[in-house]
Each structure stands twice: as C-alpha cells, then as structure tokens.
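The exercises below ask for a reading of one model, and each is followed by a solution that goes step by step. Please look through the sequence and the coordinates before starting.

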Amino acid sequence: MAIMEEDSPKRRRVGLMYDDRMCKHADPVDDDHVENPNRIRAIWDKLNASGLAQRCIVSNGKEAKDNHLALVHSEKHIKLIKNI
C-alpha cells in the first residue's frame, strides 16, 4: 500500500521535461558535441528502464520564445540559428 501512495500523482515531487523534438537538437559541425540526439535518447532510455521516469511528472516541451532564449543566448546567436 505504501508504494501506491508514493507513486500517486499527488506524491510526485520531481518533474522531467522531455519531448521527442529534443532529439532533433544536434550540432551540424561537431558530432561529439554534448548536446546531441544520442545523448538525449540514452538518458531518457535509462530513466525509463530504471523506472524513475514513471515516478516523476513528465511534461512535454514547448517552443521557446525569443525572450526566453535571450536569457542564455545573445541576440546575435539567436539570429544566427534562425537563419540556418
């Protein structure tokens, strides 16, 4: 009974953001860049295989708006990526 209580949606306290679109994020020049589809898939597969993902609240991603991107990227970089 205690396990069911821990796994109930009301008891879940950790959230994971995952969206299949994340696997489209790759560096066109550097296959070994840390942000690559294989890394994202491997992490997601491990989370599922371990049962951890099922114990969390999983939310889909959404497209980032420019003002959110500007929190961590320069305007020049944002324009560059849009033009690729």
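A residue counts as buried under 20% relative accessible area, as exposed over 50%, and as partly exposed in between, with a 1.4 Å probe and protein chains only. This is a predicted model, in which local features need pLDDT of at least 70 and side-chain atom pairs count only at pLDDT 80 or more, while totals for chains, interfaces and linings use all residues. Residues are numbered from 1 along each chain as its sequence is written, and side-chain values use heavy atoms, with hydrogens and water left out.

**Exercise 1. Determine whether K62 is buried or exposed, and relate K62 to D19.**

Step 1: K62 is located in the loop between strand 2 (57-59) and helix 3, where helices (H or I, at least four residues) and strands (E, at least two) are DSSP runs, numbered from the N terminus.
Step 2: The relative accessible area of K62 is 74%, so K62 is exposed.
Step 3: D19, in the loop between strand 1 and helix 2, has a relative accessible area of 13% and is therefore buried.
Step 4: From C-alpha to C-alpha, K62 and D19 are 8.3 Å apart in space, although 43 residues apart in sequence.

**Exercise 2. Describe the fold and the confidence of the protein.**

Step 1: The protein has four helices and two strands, and along the sequence these follow the pattern α-β-α-β-α-α.
Step 2: The mean pLDDT (the predictor's confidence in each residue, from 0 to 100) is 84, and 87% of the residues reach 70 or more.
Step 3: Confidence is lowest in helix 1 (residues 2-7), with a mean of 50, and highest in helix 3 (residues 66-69), with 95.
Step 4: Of the 84 residues of the protein, 15% count as buried.

**Exercise 3. Find which polar contacts are made by the side chains of D19 and N36.**

Step 1: The criterion for a polar contact is a pair of N or O atoms within 3.5 Å; within protein, one must be able to donate a hydrogen and the other to accept it, and residues adjacent in sequence count only if both atoms are side-chain atoms.
Step 2: A polar atom of the D19 side chain lies 2.9 Å from the backbone nitrogen of R21.
Step 3: N36 is placed in the loop between strand 1 and helix 2, and its relative accessibility is 15%, so N36 counts as buried.
Step 4: The N36 side chain reaches the backbone nitrogen of R39 at 2.9 Å.

**Exercise 4. Search the whole structure for aromatic pairs and classify what is found.**

Step 1: Rings of Phe, Tyr and Trp (its six-membered ring) pair if their centres lie within 6.5 Å, and planes under 30 degrees apart count as stacked, over 60 as edge-to-face and the rest as tilted.
Step 2: The search finds one aromatic pair.
Step 3: The ring centres of Y18 and W44 are 4.2 Å apart and their planes are at 0 degrees, so this pair is stacked.
Step 4: Because Y18 lies in the loop between strand 1 (15-17) and helix 2 (37-50) and W44 in helix 2, the pair ties together parts that are 26 residues apart in sequence.
Step 5: Both Y18 and W44 are buried.

**Exercise 5. Examine P28 and I78 in the same manner as K62, by location, exposure and a partner in space.**

Step 1: P28 lies in the loop between strand 1 and helix 2, and with 73% relative accessibility it counts as exposed.
Step 2: The C-alpha atoms of P28 and I84 are separated by 10.0 Å, while the two residues are 56 residues apart along the chain.
Step 3: I78 is found in helix 4, and with 11% relative accessibility I78 counts as buried.
Step 4: I78 and D66, twelve residues apart in sequence, are 7.6 Å apart in space, C-alpha to C-alpha.
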